[in-house]
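Colleague: I would like to learn how to read aromatic side chains and nonpolar packing in a model such as this one. Could we go through it feature by feature?

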Amino acid sequence: MNAVWQQFTLSNLRLYRWRSASYLYRLVGLLQAWRQGSWLMQWGETLGALLISLVFALAPFVSNDLIGVLLIAIAVFWVLLTLSDEVGAVSTEELAIPNSQFSIPKFTPIHLLVLLYWSISVVATALSPVKVAALTGLVKLTLYLLLFAVMARVLRSPRVRSWLIALYLHIALIVSVYGLRQWFFGATALATWVDPESPLAKTTRVYSYLGNPNLLAAYLLPAIALSLAAVFAWRGFVPKALAVTMFVVNSACLILTFSRGGWIGFVVLLFAFLILLIYWLSIHLPRFWRVWSLPVLLGSLAGILVLGIVFVDPLRDRVFSMFAGRGDSSNNFRINVWAAVKDMISDRPILGIGPGNNAFNKIYPLYMRPRFSALSAYSIWLEVPVETGLIGLCCFLWLLVVTFNQGWLQLRRLRELGSREVFWLMGAIASLSALLAHGTVDTVLYRPEVNTLWWMMIAIIASYYTIYQPFPTENLPPQDQLQE
């Protein structure tokens, strides 16, 4: 059974064998001579880190068009970086040679599943009833996936990883502080986000620079997870105090969005992070706490949540509205959209209508209930199959399984080594869990501000990927071809 699981999760996949037989991989190194003579490209991965930093520094404050331009620049940079990679010799970073504990390859099982999902999207675009609209969505998806490819590469450096995470946390702190200012001084609602007949109809829902409280909640979920990780990862009193401040401010701002999906994601985030943290600490705990620490902490968290619902009126009203069914206008809207989307999936179950909101907007009016127009499926678990069919959904689920499995494997390795880098891995896993929980009832995940963070979390997990077992000696190249 364990062997089957390892095969399914690609845990023992030997990607170097594919590389040696791939015609596509032969394109790598075409511009190697140019790179060796280029002063600028000697700093290739540093330049990639700077481009990525611009995306996360500007995302909450600028238009999506400017983010698109930056993503195009990153895509072009990835092409140059890949075509100018060194080939011909085998690096000890890419092969597990004798006397080495592990290796850090550039291409991981996560990359393989991402490539497979992109290939399915290409086929879905080719067979789409609205090919031009689907092609626009495919281009956007490709840009996001190339962003992931560059991030997974540059984040292998612990220094770059720490820099990028710290940058995002500081930007998120600015966003959260402005959101708290809206709560204290008031903010004009830019849309009807609450049932007008609800007791919360006149309650301020903060949205900061993002213009939408649900989008803000999704944006802050990774910030909460990573700031919680920073409490343990950062050294010194001042950095830890800053991390605690970030966690408190980001959490408060998320709560004040009154986003039910965001609240669900927040609870899932805390549960996931606590479970991983207790697992990491378990080897240092007495036997009693190894057994009871998880029930005590999770029970305490559940107790605080129950007390909040009982004694805080706005929280109680908002939570109870989740179970109001069609009695809540937001619930009723989503139920009608979900019913229409299920009909869309039933008519094109294999490969869907093609990726992107443009394709959705072309097809959805044919299925929509009267007065219930929508720009998306309002659930990631419906959005994926409506765009790429059941085949795409299966690939997406496979990608999630492989990603979480790799995260768990690397967490176990870092636990044995006692590395503080493990906390960023915990934050990434908790962030993905939270975004998936929020995405169950919303599709803000597809907005650039959040989608870039989604792929950043996956890239963080991929950047930790290592090969544990050395290759058989008969598969190694001659010693004179190895580069130290």
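Modeller: Let us begin with a cluster, bearing in mind that this is a predicted model: Tyr117, Trp381, Phe396 and Trp454 are linked into a cluster by ring pairs.

Colleague: Which residues is Trp454 in contact with, leaving aside its neighbours within four places in sequence?

Modeller: With those neighbours left out, Trp454 is in contact with Phe396, Leu400, Leu432, Leu435, Leu436 and Leu445. Trp454 also belongs to the largest nonpolar core, which has 117 residues, and together with Tyr219 and Trp455 it touches the most other members of that core.

Colleague: Which helix gives the most to this core?

Modeller: That is helix H9, spanning residues 213-233, which gives 16 residues to the core. There is also a second, separate core of 20 residues, and among its members are Val130, Ile353, Phe360 and Phe372.

Colleague: How should I read a single pair of aromatic rings, and how many aromatic pairs are there?

Modeller: In general, two values describe a pair of aromatic rings, namely the distance of the centres and the angle of the planes. In this model the count comes to 18 aromatic pairs. One of them is formed by Tyr178 and Tyr209, whose centres are 4.4 Å apart with 20° between the planes; because planes under 30 degrees apart count as stacked, this pair is given that label. The two residues lie 31 residues apart in the chain, with Tyr178 in helix H8 (residues 158-185) and Tyr209 in the loop between H8 and H9.

Colleague: Are Tyr178 and Tyr209 buried or exposed?

Modeller: Neither word fits, because Tyr178 has a relative accessibility of 29% and counts as partly exposed, and Tyr209, at 39%, likewise counts as partly exposed. A useful second case is the pair of Trp183 and Phe258, which is tilted, with 6.1 Å from centre to centre and 35° between the planes. This pair, too, links distant parts of the chain, since Trp183 is in helix H8 whereas Phe258 is in the loop between helix H10 (237-256) and helix H11 (260-281), 75 residues apart. Here Trp183 is partly exposed at 32% relative accessible area, while Phe258 counts as buried because its relative accessibility is 7%.

Colleague: Which ring does the charged end of Arg161 sit over, and which ring does that of Arg415 sit over?

Modeller: For Arg161, the charged end sits over the ring of Tyr464 at 4.0 Å from its centre, and for Arg415 the charged end sits over the ring of Tyr279, 4.2 Å from its centre.

Key: Residues numbered from 1 in each chain as written. Predicted model: local features only at pLDDT ≥ 70, side-chain atom pairs only at ≥ 80, totals over all residues. Heavy atoms only, no water. Core = buried A, V, L, I, M, F, W, Y, C linked by side-chain atoms within 4.5 Å. Buried < 20%, exposed > 50% of the residue type's maximum accessible area, 1.4 Å probe, protein only. Helix = DSSP H or I, 4+ residues; strand = E, 2+ residues; numbered from the N terminus. Contact = heavy atoms within 4.5 Å. Phe/Tyr/Trp six-rings, centres within 6.5 Å; stacked < 30°, edge-to-face > 60°. Lys NZ or Arg CZ within 6 Å of the ring centre and 35° of its normal.
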